[in-house]
Amino acid sequence: MTAAALLSQFVQLALALALAPLLVGWVNQCRAWLSNRSAPPLTLPYRTIRKLFMKDAVVASNASPLFRLTPYVVFGAMCCAAAIVPSLATDLPFALAADAIALVGLFALARVFIALAAMDIGTAFGTLGARREMFVGFLAEPALLMVLFTASLISGSTSLPSIVDTLAHRELAIYPSLALAGVAFTMVSLAENARIPVDNPATHLELTMIHEAMLLEYSARHLALIEWASALKLFNYSCIGLALFFPFGIAQGSDDWLAIALAVPVLVAKLAAGGFALAVIETASAKMRIFRAPEFLGTAFLLAVLAMLVRLLLGS
Amino acid sequence: MATLPLYAQFINLLAALLLLLSFAMLAQRRVLSLIDLFAAQGLALAASTAIVAYGTGQHHLYWSAGLTLILKVFLLPWILYRLIRKLDVKWDVEGLINVPTTMLIGIVLVVFAFNLAAPISQLASTVTRATLGIAMACVMLSFLMMITRRKAIPQVIGFLSMENGLFFAATSATYGMPMVVELGIALDVLVGVLILGVFFFQIREQFDSLDLRHLEKLKEGE
Amino acid sequence: MAMPPDSTTLVLAAISAWLLIGALGIAALRKLRFVSRVLFPAGAAVGVGLAVAAFVAIGAPPQVAVLPLGLPDLPFHVRVDALSAYFLVLLGAAGAAISWFSAGYFRSSEGTPPGLICFQYHVFLAAMAFVLIADDAYAFMVAWEAMALASYFLVTTEHRIPEIRRAGFLYLLIAHVGAIAILLCFGVLQGGGGDYTFGAMRAVTLPAAWASVAFFLALFGFGAKAGLLPLHVWLPEAHPAAPSPVSALMSGVMLKTAIYGLLRVAFDLLHLQLWWWGAIALSLGLVTALFGVIFAAAQTDMKRLLAYSSIENIGIIVAGIGLAILYKAYDKPLLAAIALTAVLYHALNHAFFKSLLFLATGSVLHATKERSLGRLGGLIHRMPWVAWLALVGTLAIAGLPPLNGFVSEWLLLQAFLFTPTLPQSFVNMLVSIAAAALVLAAALAAYVMVKFYGVVFLGRPREPSLAYAKDAGKYERAALAALALGCVLLGVFPGVVIGALDPVNLLLVGHSTGEAAGDWLLLAPFGEDRSSYSAVIVLVVIVAVVLVTMQVVHRYYHGRVRHADPWDCGHPLQTPRMQDTAEGFGQPVRQVFEPFFRIERHLPSPFDDKPRYWLKPSDPWWHWIYLPIARAAEFAARFVGLIQQGRISVYLTYSFVTLLALLFFVR
């Protein structure tokens with residue numbers, strides 16, 4: 001572990017923190033274009049977060065300290081996750097401390113905390129949101145892990161940087177198992193990031209909410225942190241997807257600053273394309289009934305398992 | 001692992017795609033989407049056959065690829081579309097078992113097929129032998145689809161997609177069947193669909209529905 | 001004589017001390033103060049001592065001794081080797097915390113006098129310790145039965161309630177069915193030599209067929225004690241019936257003695273392991289795990305929920321054992337060692353977090369007199385100590401980093417994942433599907449634990465009486481804190497434990513997990529480039545980010561907070577009863593897994609002004625296995641009943657005919 005590696009680690013984390021709201025803004029803008037609305041400005045999420053930080057927090061009188069702690073924990077878990085996912089370079093010292101399984105564990109940690117916080121106030125919608133979130137989670141989490149397992153079977157490592165190293169810097173090979181895993185991953189990411197067809201991030205109808213229903217009680221800085229953490233989650237998922245399925249352009253090692261500098265525009269371009277694709281998917285599909293969600297996610301899980309089987313059978 | 005030539009990797013990719021499409025068909029609830037999926041499967045099949053032909057220099061496979069393309073991507077889906085429009089059937093496909101359970105059975109079948117194919121594919125000498133398991137899995141999944149569907153049209157699509165699986169198995173194990181056989185099968189399938197189309201009209205005339213449960217009444221003694 | 005006393009002496013001393021404490025309890029039958037303030041803490045001290053002595057003994061060579069007890073020419077043999085010592089550490093540590101908790105828990109209002117509970121409790125502890133060191137079948141079975149009986153009496157502490165008597169009977173019945181299988185297993189293992197010491201069994205080389213018989217008898221027998229499908233039915237009945245410390249002891253420690261027995265037979269006493277044993281154990285374990293966790297999601301009684309969660313954890317452990325057998329049979333010792341490490345680690349983790357949660361339910365039960373999830377809620381305000389400590393247990397059992405549940409799941413997944421291609425493609429696929437099932441079970445466990453914690457401790461109190469709930473006393477708090485600390489330490493410093501596990505691995509699979517696994521900072525069983533995990537760093541980074549964020553937010557903006565009523569979504573009348581009940585929270589899982597459930601629903605009438613919807617999921621295995629067996633038994637009994645005449649002369653005739661027949665045959 002060198003100073004350069006540490007530095008690239010910090011650069012990457014800072015970039016994630018900075019770019020995450022931009023990605024959300026970009027997706028919202030694309031969605032607006034695609035549905036023929038005039039688009040909100042790209043920087044709206046930043047302004048929202050800033051505005052929320054300025055406000056006085058209103059906390060329900062029967063909230064426990066757990067409720068106020070949760071936004072910080074969720075934000076912390078997402079920062080940790082952002083530090084593991086290789087977005088610019090593959091030399092990440094922190095990735096030694098947490099591999100792909102731990103990454104899924106970190107996502108689960110955030111989910112459990114936010115669900116508990118939603119139950120803390122004891123309103124009907126909070127518990128409803130918590131229940132649905134855990135419901136989506138218990139199918140999405142195994143599917144995500146299976147996708148990562150497929151990739152790690154290819155590279156023989158569960159460490160994300162070495163997976164990406166293997167996929168990016170080896171002679172060109174097509175992995176059919178990754179194609180299956182990619183479909184599964186797309187489905188999981190939609191569900192995990194509270195996107196259509198499983199959830200709708202823009203909904204204001206309580207009955208159809210999943211993620212938003214859990215946040216009804218949050219305001220001001222707590223809400224800002226959670227919004228930022230959600231943006232980071234989207235950013236992390238996008239980076240995982242890009243790193244697994246479109247791994248080109250990620251710098252190898254941390255000594256080559258030119259490569260890292262070059263990786264930034266590549267990343268931005270890839271994220272822009274990914275965000276646009278997300279907006280297209282969201283616009284083109286309709287929200288499912290909540291009890292179709294297990295079918296959707298069950299399919300994702302089975303596809304991921306299938307990817308693993310194909311990997312074992314074809315060795316490819 | 002020695003890396004396979006690029007064309008073989010493409011074939012593997014298409015094989016995975018075929019499997020994916022088979023699962024998608026298993027999970028699909030709407031008849032029209034089912035037909036689209038079937039057409040996509042035909043396209044993947046044609047592409048893989050053409051790649052095999054290119055990679056191995058077996059030129060007769062170009063012909064079968066072309067035949068697949070015309071028959072399974074354009075002709076049959078067109079016929080089915082027309083049938084559906086004429087019959088004006090309900091769009092939703094009813095299943096006998098719910099979708100997740102069907103998918104689970106599907107996974108079990110895939111494991112079974114992969115194991116079944118493992119010894120056979122070791123005997124075969126083709127580059128594409130590893131995809132034999134996938135081909136068998138496709139056949140079984142189509143069979144499963146025929147079993148679990150209640151309406152006539154999805155059953156026919158299941159039948160056709162089973163034929164796709166068989167065709168793919170033949171290509172991957174032995175670089176395809178002789179041309180005569182292939183032509184014969186293609187003709188069979190076409191005629192089969194035409195006859196089934198006639199049958200659909202008859203079934204609907206008789207029972208006012210395409211639900212095959214009504215055929216249960218045809219047995220004796222009731 | 002500067003020699004330190006050897007480990008067998010120390011363990012035997014601990015056992016004697018526990019028995020002595022138990023005897024003192026009998027002497028002070030109704031002196032609650034003496035029992036709870038002197039005897040239980042003394043028992044806890046003995047537990048700590050045992051744990052320390054056993055921890056030292058893990059690395060030491062095996063010690064044997066022959067006791068001048070038992071039948072005249074059949075003395076008890078005892079032996080402390082690495083495996084025994086490891087489980088003794090588990091017993092001592094968890095037992096100490098539970099004893100300390102018991103010091104504050106038992107009141108005079110239990111159905112049994114405190115002195116008697118103290119006696120049964122310490123005999124139970126002593127019997128478990130003796131099970132772990134027994135070195136012949138005779139001593140093992142005596143200790144095993146003593147353990148079953150002591151725990152039976154503890155389960156039926158409140159024996160005036162008929163359901164509790166019924167639960168206790170069911171437990172006793174299944175324990176004995178299991179014991180018969182274990183006895184038969186030892187019969188097979190001794191191989192006809194007539195020598196029932198474990199040393200003699202190790203020397204016998206059984207043919208594969210008999211070895212398989214022995215293994216499956218052991219799986220059945222120990223599975224009955226551990227709660228493997230389909231012999232799990234006693235767990236959800238006995239745990240709610242027993243007082244909470246006893247539930248904790250049974251779930252946290254006693255189930256592990258069954259795991260110990262299975263490991264002892266499968267790896268130590270048997271010389272060969274066949275791959276299909278592993279495949280069967282793996283499948284059975286995973287089915288058990290999934291079943292347990294799905295049913296846990298549907299439960300409405302907090303202790304029943306935890307009991308099903310124990311079934312899940314035992315399933316995961318047995319799956320790990322199956323995996324270890326599989327790898328051992330295919331001669332992959334490193335992978336076998338890692339799978340085994342995961343198994344042993346998970347056993348220890350489960351002892352800690354499950355004891356913690358059962359004890360927490362005990363505190364809740366004492367404070368509220370309520371076991372049903374539908375009448376609890378909001379206890380984090382009334383019982384902050386219990387609630388926050390239980391949160392640690394909840395996060396740990398849900399398998400979240402950086403706590404201990406995650407470590408063992410991580411290790412197990414590593415063992416699953418780095419399968420080099422096994423010779424049979426079928427097994428390869430089984431292993432990968434098993435990994436998927438394991439992950440699914442782990443994810444569902446998180447769902448279950450959020451339900452448990454959220455419904456009990458969070459939200460608003462569902463009953464007005466909960467406003468008078470009092471937090472646990474200082475003994476209980478200290479015990480809960482100790483267990484929670486154990487969860488954190490086991491989670492943050494896994495390398496230390498895994499390093500200590502090396503002798504056990506060497507003993508059982510003949511391979512250690514190697515240098516890389518034992519680093520205190522970084523866990524990397526296959527080398528850093530393949531996979532690594534460091535809980536310390538994860539914990540430090542999360543805590544650092546949390547603190548820095550708090551500082552930054554408060555400094556650059558402000559920390560102002562206003563309190564207001566919860567937002568009512570425009571609906572002015574929000575009562576605590578509008579929160580999800582336990583039934584409501586479990587509903588999605590119930591709906592997804594509908595075909596597995598048999599549910600009795602109670603829909604309130606529309607004219608009921610205090611409607612309460614409840615449902616009772618019943619275990620399908622009752623209908624699949626137990627009721628048919630019971631019906632068959634009843635059917636057979638009716639025939640046997642025909643010979644009952646009620647007249648003495650007829651009975652005498654039976655005896656006479658029997659005598660004649662015997663004389664004829666034995667002639």
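A residue counts as buried when its relative accessible area is under 20%. Keep that cut-off handy for these exercises, which are all about a predicted model.

**Exercise 1. Work out how chain C is built overall: what are its elements, its extent and its share of buried residues?**

Solution. Start with the secondary structure: chain C has 24 helices and five strands. Next, check the radius of gyration. The globule rule gives 26 Å for 667 residues and chain C comes out at 26 Å, so chain C is as compact as a globular protein of that length. Its C-alpha atoms fill a box of roughly 100 × 70 × 60 Å along the principal axes. Now apply the cut-off from the top: 60% of the 667 residues count as buried. Finally, look at the contacts. Taking those in chain C between residues at least 6 apart in sequence, 79% link residues at least 24 apart.

**Exercise 2. Do the same for chain A: in what order do its elements run, and what radius of gyration does it have?**

Solution. Count first: there are eleven helices and one strand in chain A. Reading from the N terminus, the order is α-α-β-α-α-α-α-α-α-α-α-α. Then the size: a compact globule of 316 residues would have a radius of gyration near 20 Å, and chain A, with 19 Å, agrees. The C-alpha trace spans about 60 × 45 × 40 Å along the principal axes. As for burial, 68% of the 316 residues are buried.

**Exercise 3. Describe the surface and the charges of each chain.**

Solution. Chain C exposes about 25500 Å², with carbon and sulfur atoms supplying 68% of that area. For chain A, the exposed area is about 9600 Å², and carbon and sulfur supply 67%. On to charges. Chain C carries 43 positive and 35 negative side chains, the centres of the two sets lying 8 Å apart. In chain A you'll find 19 positive and 18 negative side chains, with the two centres 8 Å apart.

**Exercise 4. Trace the pairing of β1(C) with β2(C), then that of β4(C) with β5(C).**

Solution. Take β1(C), residues 63-71, and β2(C), residues 74-80: they run antiparallel and are joined by seven bridges. A hairpin of two residues connects them. For one pair, go to Leu67(C), whose bridge partner in β2(C) is Phe76(C).

Now move to β4(C), residues 598-602, which is antiparallel to β5(C) and joined to it by five bridges. Here Glu600(C) stands opposite Lys616(C). Walk along β5(C), residues 614-618, and the side chains alternate: Leu615(C) and Pro617(C) are buried on one face, while Trp614(C), Lys616(C) and Ser618(C) point to the other and are not buried.

**Exercise 5. Is Ser532(C) buried or exposed, and which residues does it touch?**

Solution. Find it first: Ser532(C) sits in the loop between α20(C), 502-509, and α21(C), 535-556. Because its relative accessibility is 0%, Ser532(C) counts as buried. Leaving out residues up to four places away in sequence, Ser532(C) touches Ala95(A), Leu96(A), Ala97(A), Ala98(A) and Asp99(A), along with Trp410(C), Leu522(C), Leu523(C) and Ala524(C).

**Exercise 6. Which residues of α6(A) are buried, and what do they pack against?**

Solution. Helix α6(A) covers residues 160-168, and its buried residues are Leu160(A), Pro161(A), Ile163(A), Val164(A), Thr166(A) and Leu167(A). To read such a list, recall that an α-helix has 3.6 residues a turn, so residues three or four places apart point the same way. The buried residues of α6(A) pack against α3, α4, α5, α7 and α9 of chain A.

Conventions. Residues are numbered from 1 along each chain as its sequence is written. Chains are lettered from A and ligands numbered from 1 in the order in which they are written. This is a predicted model: local features need pLDDT of at least 70, side-chain atom pairs count only at pLDDT 80 or more; totals for chains, interfaces and linings use all residues. Side-chain values use heavy atoms; hydrogens and water are left out. Helices (H or I, at least four residues) and strands (E, at least two) are DSSP runs, numbered from the N terminus. The radius of gyration is taken over C-alpha atoms; the globule rule is 2.2 Å times the number of residues to the power 0.38. Buried means under 20% relative accessible area, exposed over 50%, partly exposed in between (1.4 Å probe, protein chains only). Contact means heavy atoms within 4.5 Å. Accessible areas come from the Shrake-Rupley method with a 1.4 Å probe; for residues, only the protein chains shown count as cover. Lys and Arg count as positive and Asp and Glu as negative; His and the chain ends are not counted. The place of a charge is taken as NZ of Lys, CZ of Arg, CG of Asp or CD of Glu. Two strands pair if DSSP finds at least two bridges between them.
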